[in-house]
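Thank you all for making the time this morning. I would like to walk through one model with you, moving from the loops to the ligand and back again, and I will put it on the screen now.

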Amino acid sequence: MLAAQILSRLQTVLGDAKKPIPLHEPCFAGNEWDYVKDCLDSTYVSSVGAYVDRFEKALQDFTGVKRAVAVVNGTAALHIALKLAGVEAGDEVLVPALTFVATANAVVYLGGVPHLADSDDLTLGLDPVKLQAYLEEITAPREGGCYNRFTGRRIRAVVPVHTFGHPADLEALQEVCARFRLVMVEDGAEALGSFYRGRHTGNWGQSAIISFNGNKIITTGGGGAILTNDEELGRQAKHLTTTARQQHRWVYSHDQVGYNYRLPNINAALGCAQMEKLPEFLEKKRRLAGKYAAAFQSVAGVRFFTEPAFARSNYWLNVLLLNDKNCAERDRILEESNNQGIMTRPAWTLMHQLPMFKDCPRMDLSGAEGLEARLINIPSSPNL
Ligand SMILES: *Cc1c(COP(=O)(O)O)cnc(C)c1O
């Protein structure tokens with residue numbers, strides 16, 4: 001029985017970890033208490049304080065981007081990154097069908113239409129070859145950009161997602177974007193600590209986003225960031241996410257409709273402490289992934305997903321992929337592991353299967369559908 005075999009391998013790797021074992025648990029073992037207490041002692045818990053600057057600097061140093069702007073969550077980061085990419089009401093934005101709902105939601109916040117694209121087995125992310133062939137078929141270049149010949153709408157941007165922390169094929173996607181004059185915004189919500197060809201993800205798009213939600217590789221409680229190498233875009237991101245308030249010591253004036261998306265200082269304090277631990281988290285998660293890879297090597301019918309050759313992944317959420325002919329076993333495996341206190345879950349419900357996105361334009365999604373049918377996430381906390 002495949003289910004029994006998988007369960008016994010999970011047990012072997014997870015050893016005597018306390019049950020129930022969550023998929024991804026935050027870990028606070030550093031300066032979190034000191035920095036948060038410092039905020040409380042100083043009363044700087046909210047929208048003013050030094051930890052925000054310090055957190056942004058730490059993110060810049062780690063990822064190598066010129067500008068990181070800390071915001072309230074990853075979804076808000078996507079909203080603003082897409083707005084700054086020029087997405088306007090009526091525009092289409094290509095997003096993977098296999099993603100967390102926030103990627104598509106952010107498009108709709110701007111009055112845009114998510115256009116669903118397929119993912120491949122090599123990266124779990126957007127399939128650049130299929131995307132290029134599809135765009136050749138459905139688009140016509142016109143003054144002002146790339147237009148969908150069938151809907152008449154402009155296609156403005158592409159949002160590759162680094163699924164479960166594994167980098168999408170950024171260079172290939174960058175070429176597709178250049179060819180069709182599309183802006184690339186990387187949804188790196190899950191990818192802090194993931195590198196593509198030796199450089200941190202987030203350096204390929206016009207901008208990128210990260211999330212610091214409680215289940216991500218580091219957490220600020222709730223939080224996110226916009227990353228960019230375009231200093232002017234970074235300045236605009238800061239301005240828009242801080243109510244577009246003009247700098248002045250006492251005058252309150254705003255030059256456009258902005259957003260109150262700034263990350264509070266108390267959350268940034270948590271983030272500073274977490275960033276100090278990030279290298280250790282990455283090392284531990286790599287070790288765990290190595291154990292899973294070894295444990296599942298000899299199990300026929302399933303494979304542990306490992307990073308593509310061009311990537312060094314953070315292994316944020318570990319992935320088992322069943323063979324095609326075993327996908328009927330998926331639900332039994334989910335049921336039995338959860339019954340035994342080992343949390344597992346399937347991939348997200350695909351975007352075109354959600355009621356609000358069922359009529360969105362889409363390409364053939366057989367890659368994403370195949371992955372969704374075969375994929376199981378398994379416990380991935382750094383402390384396992
Ligand atoms: C977590 C996540 C987001 C949203 O981040 P929040 O901080 O939860 O708003 C967006 N995209 C992906 C792929 C995510 O995993």
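Let me begin with a question: in which loop does E143 lie? Looking at the chain, you will find E143 in the loop between strand 4, residues 139–142, and strand 5, residues 145–148. Please keep in mind throughout that this is a predicted model. E143 counts as exposed, because its relative accessibility is 77%, and exposed here means over 50%. If you take G234 as a second reference point, 91 residues away from E143 along the chain, the two C-alpha atoms are separated by 27 Å.

A contrasting pair of positions is Q353 and A97, which are 256 residues apart in sequence and yet 9.0 Å apart in space, again from C-alpha to C-alpha. Q353 belongs to the loop that runs between strand 15, residues 345–346, and helix 11, residues 366–374, and with a relative accessibility of 44% it counts as partly exposed.

Let me turn to the ligand. There are 15 residues surrounding the ligand, and the closest of them are G74, T75, E190, S211 and K216. Sorted by class, this shell comprises four nonpolar, eight polar and three charged residues. As for individual contacts, a backbone N or O atom of G74 lies 2.7 Å from an oxygen atom of the ligand, while a polar side-chain atom of T75 lies 2.5 Å from an oxygen atom of the ligand. On the nitrogen side, a polar side-chain atom of D187 is placed 2.8 Å from a nitrogen atom of the ligand. Taken alone, the ligand exposes 380 Å², and the protein buries 92% of that. The space that the ligand takes is the second largest pocket, and the elements giving two or more residues to the surrounding shell are helix 4, residues 74–84, and helix 5, residues 102–109.

Next, a side chain with two backbone partners. T228 is found in strand 11, which covers residues 224–228, and this threonine counts as buried because its relative accessibility is 2%, where the cut-off is under 20%. Which backbone atoms lie 2.8 Å and 3.0 Å from a polar atom of the T228 side chain? At 2.8 Å we have the backbone oxygen of Q206, and at 3.0 Å the backbone nitrogen of D230.

Finally, some details of backbone geometry. The peptide bond from K19 to P20 is cis, with omega near -5°, and P20 lies in the loop between helix 1, residues 2–14, and helix 2, residues 32–42. Two residues other than glycine have a positive phi, namely T43, at about 70°, and Y315, near 50°. T43 is found in the loop between helix 2 and helix 3, the latter being residues 50–63, whereas Y315 is in the loop between strand 13, residues 311–312, and strand 14, residues 318–322. Are these two residues buried or exposed? T43, at 61% relative accessibility, counts as exposed, while Y315, at 5%, counts as buried.

That brings me to the end of the tour, and I am happy to go back to any of these positions on the screen.

Key:
Residues are numbered from 1 along each chain as its sequence is written. This is a predicted model: local features need pLDDT of at least 70, side-chain atom pairs count only at pLDDT 80 or more; totals for chains, interfaces and linings use all residues. Side-chain values use heavy atoms; hydrogens and water are left out. A residue is near a molecule or strand if one of its heavy atoms lies within 4 Å of it. A polar contact is a pair of N or O atoms within 3.5 Å; within protein, one must be able to donate a hydrogen and the other to accept it, and residues adjacent in sequence count only if both atoms are side-chain atoms. Accessible areas come from the Shrake-Rupley method with a 1.4 Å probe; for residues, only the protein chains shown count as cover. On a 1 Å grid over the protein atoms alone, a cavity is a set of points where a 1.4 Å probe fits but cannot get out, and a pocket is an open set with protein on both sides within 12 Å along at least five of seven lines; lining residues have an atom within 4 Å of a point. A molecule sits in a cavity or pocket if more than half of its atoms lie within 2 Å of its grid points. Helices (H or I, at least four residues) and strands (E, at least two) are DSSP runs, numbered from the N terminus. Ala, Val, Leu, Ile, Met, Phe, Trp, Tyr, Cys and Pro count as nonpolar, Asp, Glu, Lys and Arg as charged, and the others, Gly among them, as polar. Buried means under 20% relative accessible area, exposed over 50%, partly exposed in between (1.4 Å probe, protein chains only).
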